[in-house]
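Dear colleague,

Please find below the structure that I am handing over to you. My findings follow directly after it.

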Amino acid sequence: MNKLTTTLASAALLLSAGTTFAQDVLRVSAIPDEAPTELARKFAPLGAYLEKETGLKVQFVPVTDYAGVVTALTSDKLDMAWLGGFTYVQAKERGKVIPLVQREEDTKFTSKFIANTASGVNSLKDLKGKSFAFGSASSTSGHLMPRFFLQKEGIKPETFFKNVAYSGAHDATVAWVASGKVDGGALNSSVWDKLVEGHKVDLTKVKVIGTTPPFYDYNWTVRGNLDPALVKKITAAFLKLDAKNPEQKNILELQRATRFVPTKPDNYRGIESAAREAGLLK
């Protein structure tokens with residue numbers, strides 16, 4: 001585990017311009033859709049597993065925002081990244097990237113709409129004239145798809161809500177709604193379920209008022225010029241993760257996955273169309 005680097009100092013070094021690398025290190029990052037400490041905790045066992053499977057040192061490179069992951073991956077400063085559907089589409093627009101695998105759960109992902117229980121809100125329509133929070137502006141499940149489905153219901157956020165804010169992360173959205181900073185919000189269902197299961201959300205203060213239709217979401221994507229032999233190794237490593245193996249079960253549970261399955265660019269055409277329709281992608 002001591003091979004795993006999760007310090008901000010390494011992030012600054014790895015993402016600095018002009019840095020060159022021999023391919024004895026696999027540089028990995030993830031969109032910051034949860035607190036940095038939680039991302040590092042979730043990745044540590046997976047990183048150790050990938051070291052064994054690839055024979056490379058794995059360095060996890062934390063970043064401060066979604067755009068930073070896209071920029072680093074498409075400028076060859078990262079080898080692999082955990083992306084949402086929208087950030088994958090943004091990366092694809094900027095350069096050659098290859099989506100490898102996704103959790104089986106990501107083939108039918110959803111977002112939750114939540115509300116502060118004291119606000120008197122019981123449905124999306126009840127949020128008219130009230131405050132609302134998305135996660136990051138670049139989040140698939142915390143912004144793009146909730147916005148897309150709201151608009152399908154005739155709800156244009158900027159005119160329907162009193163004001164629209166961006167919390168930056170799914171868990172932050174829940175905290176905002178629970179505290180009354182906003183009346184309602186949207187976040188990905190997986191994070192909501194994890195917070196509920198971990199008793200990290202007060203259900204006397206926050207409630208679910210809606211769920212979106214399913215859509216494709218998160219995936220592990222590599223830079224397009226990564227060594228094909230290494231790409232095969234990484235893909236095989238993910239696909240052979242088995243919940244019957246106790247060590248691998250822990251990895252899967254931390255990733256909130258039953259198993260990983262192959263993915264492909266075509267799976268994200270719906271996300272791309274939604275982004276264009278919502279005016280979030282030119």
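The accessible surface of the protein chain amounts to about 12300 Å², and carbon and sulfur atoms account for 53% of that area. Please note that this is a predicted model. Of the 282 residues of the chain, 56% count as buried.

As to overall dimensions, the C-alpha atoms occupy a box of roughly 55 × 40 × 35 Å along the principal axes. A compact globule of 282 residues would have a radius of gyration near 19 Å, and the chain has 19 Å, so the two values agree. The protein chain contains 11 helices and 11 strands. Where contacts link residues at least 6 apart in sequence, 80% of them join residues at least 24 apart.

Aromatic residues

The structure holds 16 aromatic pairs. In one of these, Phe109 and Phe215 have ring centres 6.1 Å apart and ring planes at 65 degrees; an angle over 60 degrees counts as edge-to-face, and therefore this pair is assigned to that class. Phe109 belongs to the loop between strand 4 (97-103) and strand 5 (111-116), while Phe215 belongs to the loop between strand 9 (206-211) and strand 10 (219-223), so the pair ties together parts that are 106 residues apart in sequence. Both Phe109 and Phe215 are buried. They are also members of one aromatic cluster, which includes Phe43, Phe60, Trp82, Phe148, Phe149, Tyr218, Trp220, Phe238 and Phe260 as well.

A further aromatic residue, Trp176, has a charged partner: Lys181 lies over the face of its ring, at 3.9 Å from the ring centre. Lys181 also appears in a long-range separation, since its C-alpha atom is 45 Å from that of Ala236, the two residues being 55 apart along the chain. Ala236 is located in helix 9 (residues 228-239) and counts as partly exposed, at 43% relative accessibility.

Helix 11

Which residues of helix 11 are buried? In this helix (residues 269-277), they are Ile271, Glu272, Ala274 and Ala275. These residues cover an arc of only 165 degrees around the axis, which means that they lie on the same side of helix 11. The buried residues pack against helix 4 (85-94) and helix 5 (140-152). The face turned away from the buried side carries Arg269 and Glu277, which are exposed. Gly279 follows helix 11 and has a positive phi, near 75 degrees.

Positive phi outside glycine

Two residues may merit your attention in this respect. His199 is not a glycine, yet its phi is positive, at about 55 degrees. His199 is situated in the loop between helix 8 (189-197) and strand 9, and it is exposed, with a relative accessible area of 71%. Arg256, likewise a residue other than glycine, has a positive phi near 55 degrees. Its place is in the loop between helix 10 (246-254) and strand 11 (260-262). Arg256 is partly exposed, with a relative accessible area of 25%.

With kind regards

Note on methods: Residues numbered from 1 in each chain as written. Predicted model: local features only at pLDDT ≥ 70, side-chain atom pairs only at ≥ 80, totals over all residues. Heavy atoms only, no water. Phe/Tyr/Trp six-rings, centres within 6.5 Å; stacked < 30°, edge-to-face > 60°. Helix = DSSP H or I, 4+ residues; strand = E, 2+ residues; numbered from the N terminus. Buried < 20%, exposed > 50% of the residue type's maximum accessible area, 1.4 Å probe, protein only. Lys NZ or Arg CZ within 6 Å of the ring centre and 35° of its normal. Rg over C-alpha atoms; globule rule 2.2 N^0.38 Å. Contact = heavy atoms within 4.5 Å. Areas by Shrake-Rupley, 256 points an atom, 1.4 Å probe, with all protein chains shown as cover. Arc of directions from axis to C-beta.
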